[in-house]
Amino acid sequence: MRLIFLGPPGAGKGTQAKRLVERYSIPQLSTGDMLRAAVAGGTPIGLKAKAVMESGQLVSDDIVVGIIVDRIQQSDAHNGFILDGFPRTLGQAEALDAALKSRSQKIDLAIELKVDHDRLIDRITSRALEARDRGEEVRKDDDPEIFKARLEAYARDTAIVAPYYKDRGLLVEIDGQQSIDAVTEDIQKALSGLDKN
Ligand code: AMP
């Protein structure tokens with residue numbers, strides 16, 4: 001099963017993707033996590049991506065497409081994967097389709113978590129406070145000003161990706177403002193419909 005989570009930063013994509021990893025035994029591929037690891041490791045990609053990420057802008061398509069195309073060819077992704085935070089532009093969506101097509105593969109479903117932007121700012125502020133309370137380092141890009149830049153990047157470049165999948169009959173929209181369990185339940189319903197097809 002090849003799934004994509006769409007939705008603005010803070011919508012709960014990572015949380016829900018992790019729940020599916022356990023259930024379906026397929027990996028969660030988060031470009032944000034991979035890029036943060038590259039930054040922490042000081043790799044050439046990390047060096048290029050660091051300032052862009054810290055300003056809340058998008059890393060270039062060629063970098064993230066390269067990362068994902070490599071990653072989906074690894075053996076643990078043969079039975080499927082859950083993309084979290086990719087694709088974030090139309091160019092990334094098209095490059096993903098081309099990479100999958102060349103291997104006779106396709107996306108089964110794109111799940112869009114819909115959350116009002118005001119609600120996201122509240123969520124991200126509490127995410128930062130909770131991380132601080134746990135003694136963890138707070139993500140620089142969870143700073144409220146940078147977070148606004150991330151929301152703007154979403155509106156400018158990423159909001160257009162959901163219609164791309166809708167046009168292909170692959171999109172399911174879910175109310176991401178419900179409780180985490182209620183969102184998981186709606187996702188399960190959408191996926192069970194898929195199993196029956
Ligand atoms: P995330 O953890 O998904 O919110 O990603 C954190 C940051 O990594 C984003 O604000 C971008 O700077 C960068 N990033 C992650 N995924 C992508 C992507 N698919 N395209 C471009 N930039 C990305």
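The lining of the largest pocket divides into 16 nonpolar, 17 polar and 15 charged residues. The model is predicted. About 1100 Å³ of space lies in this pocket. Of its 48 lining residues, Pro 9, Gly 10, Arg 127, Arg 139 and Arg 150 come closest to the centre. Six elements give two or more residues to the lining: helix H1 (13-24), strand S2 (28-30), helix H2 (31-41), helix H6 (117-133), helix H7 (144-158) and helix H9 (180-196).

The second largest pocket has a volume of about 320 Å³. Its lining holds four nonpolar residues, no polar ones and seven charged ones. Arg 36, Val 39 and Ala 40 are among them, as are Lys 50, Met 53 and Glu 54. The run Glu 137, Val 138, Arg 139, Lys 140 and Asp 141 completes the lining. H2 and helix H3 (44-54) each supply at least two of these residues. Arg 139 deserves a second look. Arg 139 is one of the residues closest to the centre of the largest pocket, and Arg 139 also lines the second largest pocket.

H3 also contains Pro 44. Is Pro 44 buried or exposed? Pro 44 counts as exposed because its relative accessible area is 66%, over the 50% cut-off. Pro 44 and Ala 110 are 66 residues apart in sequence. Their C-alpha atoms are 31 Å apart in space.

Ala 110 leads to the strands. In strand S4 (residues 109-114), Ala 110 is the bridge partner of Ile 4. Ile 4 belongs to strand S1, which spans residues 2-6. Four bridges join S1 to S4, and the two run parallel. S1 is also joined by four bridges to strand S3 (residues 81-84), again in parallel. There, Leu 3 stands opposite Ile 82.

How is S1 itself placed? S1 is mostly covered, with five of its five residues buried. Arg 2, Ile 4 and Leu 6 point one way. Leu 3 and Phe 5 point the other way. Such a pattern has a plain reason: in a regular strand the side chains alternate between the two faces of the sheet. In S1, the residues pointing either way are buried.

Ile 4 and Leu 6 then take us into the largest nonpolar core, which has 27 residues. Both are among those with the most contacts inside this core, along with Leu 35, Phe 81, Leu 83, Leu 96 and Tyr 165. S1, H3, helix H4 (61-71), S3, helix H5 (90-101) and helix H8 (161-167) each supply at least two of its residues. H4 gives the most, with five. A second, separate core has 19 residues, including Ile 26, Ile 82, Leu 113 and Leu 151.

Which residues does Ile 4 touch, leaving aside neighbours within four places in sequence? Its contacts are Leu 83, Phe 86, Pro 87, Leu 96, Ile 107, Leu 109, Ala 110, Ile 111 and Tyr 165. Ala 110, the bridge partner of Ile 4 in S4, is on that list.

Pro 87 is a useful signpost from here. Besides Ile 4, Pro 87 is touched by Gln 92 and by Thr 158. Gln 92 lies in H5. Gln 92 counts as buried because its relative accessible area is 3%, under the 20% cut-off. Not counting residues up to four places away in sequence, Gln 92 touches Asp 61, Val 64, Val 65, Phe 86 and Pro 87. Asp 70 is 22 residues from Gln 92 along the chain, and their C-alpha atoms are separated by 14 Å.

Thr 158 is found in H7. With a relative accessible area of 7%, Thr 158 is therefore buried too. Beyond residues up to four places away in sequence, Thr 158 touches Leu 58, Pro 87, Arg 88 and Ala 153.

Thr 158 and Pro 87 both line the largest cavity. A search of the whole structure finds one cavity of 30 Å³ or more. About 70 Å³ of space lies in the largest cavity. Its lining also includes Phe 5, Leu 6, Gly 7, Pro 8, Pro 9 and Lys 13. Gly 85, Phe 86, Arg 88 and Tyr 154 line it as well. S1 and H7 are the elements that give two or more residues. By class, this lining has seven nonpolar, three polar and two charged residues. Pro 9 closes the tour: Pro 9 lines this cavity and is one of the residues closest to the centre of the largest pocket.

Definitions and conventions
Residues are numbered from 1 along each chain as its sequence is written. This is a predicted model: local features need pLDDT of at least 70, side-chain atom pairs count only at pLDDT 80 or more; totals for chains, interfaces and linings use all residues. Side-chain values use heavy atoms; hydrogens and water are left out. On a 1 Å grid over the protein atoms alone, a cavity is a set of points where a 1.4 Å probe fits but cannot get out, and a pocket is an open set with protein on both sides within 12 Å along at least five of seven lines; lining residues have an atom within 4 Å of a point. Grid points are joined across faces, edges and corners, and a volume is the space filled by probe spheres set on the points. Ala, Val, Leu, Ile, Met, Phe, Trp, Tyr, Cys and Pro count as nonpolar, Asp, Glu, Lys and Arg as charged, and the others, Gly among them, as polar. Buried means under 20% relative accessible area, exposed over 50%, partly exposed in between (1.4 Å probe, protein chains only). Two strands pair if DSSP finds at least two bridges between them. A nonpolar core is a set of buried Ala, Val, Leu, Ile, Met, Phe, Trp, Tyr and Cys residues joined through side-chain atoms within 4.5 Å. Contact means heavy atoms within 4.5 Å.
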